[in-house]
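This briefing covers a sheet, a chain interface and a set of salt bridges. The sequence and the structure come first.

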Amino acid sequence: MSSVATAAPATTPSRTSVEGGTRLLTGWGRTSPSLARVAAPGDGAEVERALAAAGERGVLARGLGRSYGDAAQNAGGTVISTTGIGGLDLNLEAGLVTAGAGVSVAALTRVLIPRGWFLPVVPGTGEVTVGGAIASDIHGKGHHRGGGFAAHVVAFELVTPTGERLSVSREGAPAVFAATAGGMGLTGVVTKATLRLLRVETSSMVVDTERAADLDDAMARMEADDSRYRYSVAWLDSLARGARLGRSILIRGDHARLDQLEPPERDDPLAPPDGRALAAPRWTPAGLLRPSTVRLFNELWFRRAPREERGRLQDARRFFHPLDGVQGWNRLYGAAGLLQYQLAVPFGREGTVRAVLERLAASRWPAFLAVIKRLGPEAGPLSFAMPGWTLALDLPAASHELAALLDELDELVADAGGRLYLAKDSRLRPELLPRMYPRLDEWRAARERLDPGRRMRSDLARRLGLDR
Amino acid sequence: MRDALGSIQSALVLGGSSEIAAATVRALAERRALRVVLAAREPDRAAPLARAVEAAGGQAEAVRFDADDLESHEGFVDRVFDRHGDIDLVLVAFGVLGDPRRSAVDGAAAAAVVRTNFLAAASVLVGVARRLREQGHGSIVVLSSVAGERVRKSNFAYGASKAGLDGFAQGLGDWLLGTGVQVMVVRPGFVRTKMTAGLEPAPLATTPEAVAEAILAGLARGAHTVWVPSSLRFVMAVARHLPRAVFRRLEV
């Protein structure tokens with residue numbers, strides 16, 4: 001989230017719904033800023049009041065702003081910052097926790113790990129709120145076996161735009177549950193959720209690392225062995241071309257059992273790691289990340305990785321949230337910002353993943369981060385995951401030439417029966433949405449019942465026509 | 001909404017029959033299904049462009065806009081925004097070259113150039129900025145000129161009017177910092193259009209298509225000032241600092 005200290009002094013005619021307390025908001029990619037009035041309620045009652053006071057440009061809840069694009073901003077309207085909606089209620093005998101929507105995954109795991117528990121699904125950064133995790137139905141590294149975040153949500157409380165406070169469970173209100181999980185905040189505001197937990201014996205992971213020579217090799221290894229691991233991800237060298245296209249490092253693991261620790265560590269198996277964090281500099285020159293520097297980084301990164309390593313122990317938080325160690329790494333992309341292109345295609349469409357990587361490698365634009373995972377069952381109508389492969393790429397948002405290339409890649413993905421992840425998207429065009437999300441009408445029907453007045457609005461919804 | 005790479009979904013073009021505007025609208029319509037309002041003194045002249053937009057899958061409406069009728073601006077802007085919802089981009093592309101031989105000797109002719117290119121643009125820019133601020137987002141692209149960077153005797157009414165417009169647009173853009181609304185000032189050199197037909201093209205002359213391309217690239221980068229061609233930036237940096245005694249004797 002970026003904010004600007006001085007807004008233009010202006011008279012505010014009655015038409016506007018943007019008053020004092022305004023902030024310029026972006027996503028993690030720091031692109032497409034828009035101005036909104038930000039309210040910061042502390043509980044469900046205050047959320048209800050904020051929703052009721054919504055002007056003609058509507059309302060949207062925003063957590064920690066880690067979606068890459070414009071999903072958590074609402075130009076000219078009101079944004080409800082949920083980070084003040086805390087509260088943690090542990091019911092460890094039942095293996096459950098009830099958390100306020102503003103509680104972060106990092107805060108949850110900090111509380112849970114020392115007690116021998118974990119979340120069954122965590123995203124790539126701990127700086128995501130419970131509400132955001134539901135709105136994006138995050139998938140994590142274990143989707144191939146464990147499904148997404150919402151699959152482990154027992155129930156959540158939803159404040160609706162029509163002023164109701166609903167307790168929503170999958171069995172009790174299946175349509176509302178399915179439309180909200182992955183619904184990008186457009187069905188109302190989640191204020192708290194009850195989550196099923198995973199028992200762990202240690203704060204460590206036991207990790208196997210191996211190198212794959214190319215994309216086919218990586219995919220074959222993942223297909224062959226992923227079922228043996230709870231968590232699996234492949235980090236690709238996105239600049240590798242030709243025979244080395246898709247050369248990657250596979251990192252797969254599970255929570256370490258007590259007997260897998262070295263004897264001295266077994267005395268304090270749930271110990272937290274030391275908490276040093278680096279910070280990216282406040283100002284970075286544009287062009288720091290360019291093909292030459294990215295190529296150099298990739299080369300060092302790949303040489304560093306072992307050709308094969310089994311059973312290494314690693315702290316859980318470092319395994320799941322490697323980039324959280326570098327605060328504000330998105331600033332390394334400079335003023336133009338970045339975007340993330342994340343697609344999913346069904347099994348059998350590996351050729352599409354190959355084609356995307358080939359076209360990207362042939363273009364001038366370096367993808368700094370490229371990751372592949374396998375996904376399991378599909379969930380709600382706007383939820384991203386589908387059984388198949390997902391590829392995620394970070395790209396600098398500096399050139400409109402990239403726009404044409406990505407538009408082409410969208411067509412490849414849609415033709416393959418795949419889709420883009422709305423929590424990462426910042427430039428998809430609306431015509432592709434019904435092709436990528438064939439159950440869109442099902443979602444619209446549920447949303448129509450929850451928000452007939454279209455009070456829930458976001459820049460993403462406007463851009464993609466989800467506000468109709 | 002404008003996306004992370006500067007692609008536009010809806011636009012208002014003031015000066016909808018200008019060739020630069022047409023090239024820009026065509027380029028935008030090729031990228032995205034564009035909803036555009038083409039505002040021109042004679043809306044019929046914007047009809048071919050409207051048809052081209054629709055052929056590319058967009059929607060276009062040609063409406064009458066009289067830049068010189070300052071009183072009409074506020075109502076005009078409100079009607080457009082009220083009817084069309086969010087406008088991502090406002091392109092200010094109207095202007096007159098005038099006849100430099102007349103505007104040098106006829107006060108009314110000089111005033112007419114300044115009135116259309118500077119006064120009218122200032123008036124409508126403020127109106128447009130107000131509605132974009134209420135929206136919380138938007139881009140304004142102002143067609144200035146290198147002729148405004150340093151006024152030459154060869155057409156000083158035009159040059160001065162662009163100098164005024166340029167300064168106004170920059171100041172407005174600075175004042176809008178933090179509001180979600182950006183202003184991009186575009187300074188083309190000599191552009192081969194019907195407006196300059198018959199004139200001797202200057203060195204580093206360019207085309208409406210090149211200006212359009214520069215606008216799209218600038219929108220993606222979030223640029224605040226764009227020269228077309230880009231090398232003119234350095235040419236003008238030199239020109240701006242030539243001593244007056246030298247500059248006033250140049251036959252340019």
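The points below are grouped by topic.

The model is predicted. Chain A contains an open sheet of four strands, and chain A also shares an interface with chain B that buries about 2,600 Å². Over all chains, the structure holds 50 salt bridges.

**The four-stranded sheet in chain A**

- The strand order in this open sheet of chain A is S1-S2-S4-S3, and the pairing is mixed.
- Strand S1 (22–25) and strand S3 (59–62) of chain A form the edges, each pairing on one side only.
- On average, and with direction ignored, neighbouring strands of the sheet are turned by 45 degrees against each other.
- Four bridges join S1(A) to strand S2 (residues 34–39) of chain A, and the two strands pair in the antiparallel sense.
- Within S2(A), the residue opposite Thr22(A) is Arg37(A).
- In general, strands of a sheet pair through backbone hydrogen bonds, in either a parallel or an antiparallel way.

**Extent of the interface between chains B and A**

- On the side of chain B, 32 residues are in contact with 38 residues of chain A.
- Of the area of about 2,600 Å² buried between the two chains, carbon and sulfur atoms give 55%.
- The residues of chain B that lose the most area to chain A are Met1(B), Leu5(B) and Glu134(B), which together account for 24% of what that side buries.

**Polar and charged pairs across the interface**

- Three salt bridges are found across the interface of chain B and chain A.
- Asp86(B) forms a salt bridge with Arg57(A), in which the closest N and O atoms are 2.8 Å apart.
- Polar contacts across the interface of chain B and chain A number 12 residue pairs, with both residues at pLDDT 80 or more.
- Three helices of chain B, helix H3 (73–84), helix H5 (107–135) and helix H7 (208–221), each supply at least two residues of the side that touches chain A.
- By class, that side of chain B has 13 charged, 10 nonpolar and nine polar residues.

**A salt bridge within chain A**

- Side chains of opposite charge can pair when their charged atoms come close.
- Asp254(A) and Arg230(A) meet through their side chains in a salt bridge, at 3.2 Å from N to O.
- This pair links distant parts of the chain, with the two residues 24 residues apart.
- Asp254(A) lies in strand S14 (residues 248–255) of chain A, whereas Arg230(A) lies in the loop between helix H6 (215–225) and strand S13 (231–236) of chain A.

Methods. Residues are numbered from 1 along each chain as its sequence is written. Chains are lettered from A and ligands numbered from 1 in the order in which they are written. This is a predicted model: local features need pLDDT of at least 70, side-chain atom pairs count only at pLDDT 80 or more; totals for chains, interfaces and linings use all residues. Side-chain values use heavy atoms; hydrogens and water are left out. Two strands pair if DSSP finds at least two bridges between them. Axes are lines fitted to C-alpha atoms, for helices over the stretch in contact, and angles run from 0 to 180 degrees between N-to-C directions. Contact means heavy atoms within 4.5 Å. Buried area is the accessible area (1.4 Å probe) that two parts lose on being put together, summed over both. A salt bridge is a side-chain nitrogen of Lys or Arg within 4 Å of a carboxyl oxygen of Asp or Glu. A polar contact is a pair of N or O atoms within 3.5 Å; within protein, one must be able to donate a hydrogen and the other to accept it, and residues adjacent in sequence count only if both atoms are side-chain atoms. Ala, Val, Leu, Ile, Met, Phe, Trp, Tyr, Cys and Pro count as nonpolar, Asp, Glu, Lys and Arg as charged, and the others, Gly among them, as polar.
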